[in-house]
Amino acid sequence: MKRLTKHLIVLSLDALGSIDFELLASQPNTRKYLREASFCKQVMPIYPSLTYPSHTSIVTGCYPNKHGIINNTLLQPQRKSPDWHWYAADIKVPTVIDLALASGMKVATLFWPVTARSKIQYNLPEIFANRKWQNQVTVSLLNGTPYYTLKMNQLFGGLRKGRTQPALDDFVHAAALYTVKTYRPDLTLVHFTDLDTKKHHYGCQSTEREAAIARLDQRIGDFVSLLEEEHLKGESTLVLVGDHSQMDAHTILYLNDLFLAEGWLTVKNGRIADYQVIAKTCDGSTYIYLKNPSDNHLLRQVEQFLHAVAADRDNGIAMIFTGEEAATLGADPACAFMLEASHGFYFLDEIGHGFLEEIDVIGQHAYSHALIGVHGYLPTLPDYQTVFMATGAGIQTGVRVTDMGLVDEGPTFAALLGLEMKAVDGRVVTEILTDNL
């Protein structure tokens, strides 16, 4: 295949939904960017619509049931803070990163999910210290590219304030600009989480969300300016993607408290010690797993129990999918059931709260707002889609794509680099591509 760009730069604007498009498009830098861009305002997310499965679908062109990253976190009920799907080796299918590396290209990833311990030449992975004996610097060095990670922290580490935002994105942004300018990778993937964090903490229509979008606009402007100043614009492609949207929620569902009352869980020192049936949250949805998947008698008991609970609409359960139905939707085929929360509700795995808990600014979770943003819901819900924008080498101007999914992005990135992704669920969005560099 013919290569259409020398430098493909992808900026992931976490939690940028279709509902945010007009506000971002009205900002000065994005407005200028869109004059030469092609875009889609209604990109279909994947299920569950969470950050790590979504970013893996972006780079694989596959749904979670195929690529294997079926949740943000692992099923580790004994741990207060479960580990995340940090490691590239957990992905079961080839990524556009793998194809680029195999073809001899230089790749840079900055806080892109599921890239830890990869062979990427410039890798600053998204991973945090999750054990008492760990520290962040050591964890980053052991799981990224050591020299590169050390250099980025030496140059820009002073911008960070732990994992707080927008300071964390300030660090990622400075490192990404430096990386593009200094190393000029063939493929650069950057993950910004400021907007996602502000929506989680303050809700989807907050002033904090608006301020985060304004900061994203400035970051977009900085990348455009860099490409112009370094005379890279004519041979580079700058892509902006969202991974999922969010919706406001007011009430938490703790299904494991119900399972405990049914005798399906055992608890020790306030934590789940063992289980026959367990809920594993995806926020707006949740998996239900059986420790013994072949126990059909228990499976039928659980199914009857869940439908009885869901029959009361005040309990906040909108839909119940079987494991087979969940797999058809793209989710984990190993689950027994998957539940979708009603609007305003979401799931957590903890025990000891009772079944329902309203979010309160002075309550257990000390949120700063009585409504918080949550994702993980069905991608087909109204006003819950995400966005895609692209401009530069290989991209036509002014094409508005009406039918596009998250799984179409990886194959399209590959095509821009002159590569081909095979056996994927998505397609190349050929209608936005030119045939020359």
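**Exercise 1. Describe the open sheet with the order E15-E8-E16.**

Solution. The sheet has 3 strands and mixed pairing. Strands here are DSSP runs of at least two residues (E), and helices are runs of at least four (H or I), numbered from the N terminus. Two strands pair if DSSP finds at least two bridges between them. Next, find the edges: strand E15 (345-347) and strand E16 (356-358) each pair on one side only. The twist averages 30 degrees from one strand to the next. Axes are lines fitted to C-alpha atoms, for helices over the stretch in contact; angles run from 0 to 180 degrees between N-to-C directions. Now take one pairing. Strand E8 (residues 251-253) runs parallel to E15, over 3 bridges. Isoleucine 252 faces tyrosine 346 of E15.

The model is predicted: local features need pLDDT of at least 70, side-chain atom pairs count only at pLDDT 80 or more, and totals for chains, interfaces and linings use all residues. Residues are numbered from 1 along each chain as its sequence is written, and side-chain values use heavy atoms, without hydrogens and water.

**Exercise 2. Work out the sheet E11-E12-E14-E13 and the helix across it.**

Solution. This open sheet has 4 strands, and its pairing is antiparallel. Strand E11 (277-281) and E13 have a single partner strand each, so one side of each lacks a neighbour in the sheet. Direction ignored, neighbouring strands are turned by 25 degrees on average. E11 pairs with strand E12 (residues 285-290) over 5 bridges. Isoleucine 278 stands opposite tyrosine 289 in E12. Finally, add the helix. Helix H12 (residues 296-310) lies across E11, E12, E13 and strand E14 (337-341), at about 160 degrees to E13. Contact means heavy atoms within 4.5 Å.

**Exercise 3. Classify the aromatic pair of tyrosine 47 and phenylalanine 321, and place both residues.**

Solution. Rings of Phe, Tyr and Trp (its six-membered ring) pair if their centres lie within 6.5 Å; planes under 30 degrees apart are stacked, over 60 edge-to-face, the rest tilted. The whole structure holds 17 aromatic pairs. In this one the centres are 6.4 Å apart and the planes meet at 80 degrees, an edge-to-face pair. Tyrosine 47 sits in the loop between strand E2 (38-44) and helix H3 (51-60), phenylalanine 321 in strand E13 (residues 317-322), 274 residues apart. Check burial: buried means under 20% relative accessible area, exposed over 50%, partly exposed in between (1.4 Å probe, protein chains only). Tyrosine 47, at 1%, is buried. Phenylalanine 321, at 13%, is buried.
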